[in-house]
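Visitor: I'd love a close look at one part of this model, with the charged side chains and their surroundings taken together. Could you walk me through it?

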Amino acid sequence: MADQESPMDHTAPPAAPARPETAARTSRLTRLRDSDLAHSFRAHPSAMLAAAVLALVALSAVLAPLITPQNPYDLAALELWNSEIPPIWQAQGQWPYLLGTDTQGRDILSAILYGSRISLIIGFASVLLALSVGLSLGLIAGYLGGWVDNVIMRVGDVLLSMPFILIAILITAIATASLPAGLRDVLAAPILIFAIAVPSWVQYARTVRASAMVEAKKEYVQAARLIRVRAWRIMLHHILPNCLTPIMVAATLNFGLAILSEATLSFLGVGMPPDQPSLGTLIRIGNQYLFSGLWWIVVFPSVQLCLIVLSVNMIGDWLRDALNPKLR
């Protein structure tokens, strides 16, 4: 009798090992989730609420063309017979103008979302520019010292001796007067970014300079100098990482101040033009009709501005406490 064949072994093949980049990415996410900063954020309800509000504002500003009934920058799309419509919950409210319209028929909700986009972009770009200049000059002043330190810090002292808003108004006025009429509105946003960043870099430079002077005297920096490591590598790879904690807090808090500065300049008439309204421009326009019964033109942009700045400040306060070991 012939022997029966043994059954085939159908065991599954071993699973393929995870790719190195996937494993590294998963490991970084795990470390971030389990870090002290993430734990502090989850244990801070006000910071979580502020982050959610700020994320909602930023997302709605990005998606404004998809969720708003009109483009407030397109003057040809505005209809004057739809002007001065109150919010939807009042007797004369009309769909789709949820927050009403202004005197030109511009939908308030659309203007707020588009204006929030401009305010957030100008605030972020001005902080980024001031941070880049302040970090560079602060590292150079703290590491090199001597006459270089004196020149940079004296320039900073001159800027600090003048009011912030006066410097910004002066820069915007000179830039606007120097440009042709056709370029003034086109370059309004870059001019505002530059005007806000110029007096703002000093705070970053002074903070980084103080930390760089301390770090430059430590043994690991002296050892790097002995083996003839280039100065820019020492500043970027050795000193800068140890100076980032106070800079992160200052940049977060200054983000809210930059948005307020843009709103102030636009409210004073030296910021964004009326056909490209930011939140400050909307508040300036609505302020003219505050006592004529059209309260919604100024109230809703003001509430949006307060929400943004308050959320940023709450996140900055949490970050300051979370990164300071003495306050844990």
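**Salt bridges and helix α6**

Guide: Let's start with R206, which counts as partly exposed at 40% relative accessibility (buried is under 20% relative accessible area, exposed over 50%, and partly exposed in between, with a 1.4 Å probe and protein chains only). Before going on, please note that this is a predicted model, in which local features need pLDDT of at least 70 and side-chain atom pairs count only at pLDDT 80 or more, while totals for chains, interfaces and linings use all residues. Residues are numbered from 1 along each chain as its sequence is written, and side-chain values use heavy atoms, with hydrogens and water left out.

The side chain of R206 meets that of D157 in a salt bridge of 3.2 Å, N to O (a side-chain nitrogen of Lys or Arg within 4 Å of a carboxyl oxygen of Asp or Glu). This pair links distant parts of the chain, as R206 sits in helix α10 and D157 in helix α6, 49 residues apart (helices are DSSP runs of H or I, at least four residues, numbered from the N terminus;). Through shared partners, salt bridges join R154, D157 and R206 into one network.

The R154 side of that network is a salt bridge to D157, at 2.9 Å from N to O. R154 and D157 are three residues apart in helix α6, so about one helical turn separates them. R154 is partly exposed at 44% relative accessibility, and D157 is partly exposed too, at 29%.

Another salt bridge joins the side chains of R209 and D149, at 2.6 Å from N to O. R209 belongs to α10 and D149 to α6, so this pair ties together parts 60 residues apart in sequence. Here R209 is partly exposed, with a relative accessible area of 22%, but D149 is buried at 8%. The structure holds five salt bridges.

Now for helix α6 itself, which covers residues 146-160. At 1.5 Å a residue, its 15 residues should span 21 Å, and its end C-alpha atoms are indeed 21 Å apart (the expected span is 1.5 Å times one less than the number of residues). Its buried residues are V148, D149, I152, M153, G156 and L159. Seen down the helix axis, they fall within an arc of 110°, so they line one face of α6 (the arc is that of the directions from the axis to the C-beta atoms). They pack against α5 (108-144), α7 (164-178) and α10 (201-216), where contact means heavy atoms within 4.5 Å.

Note on methods. Helix = DSSP H or I, 4+ residues; strand = E, 2+ residues; numbered from the N terminus.
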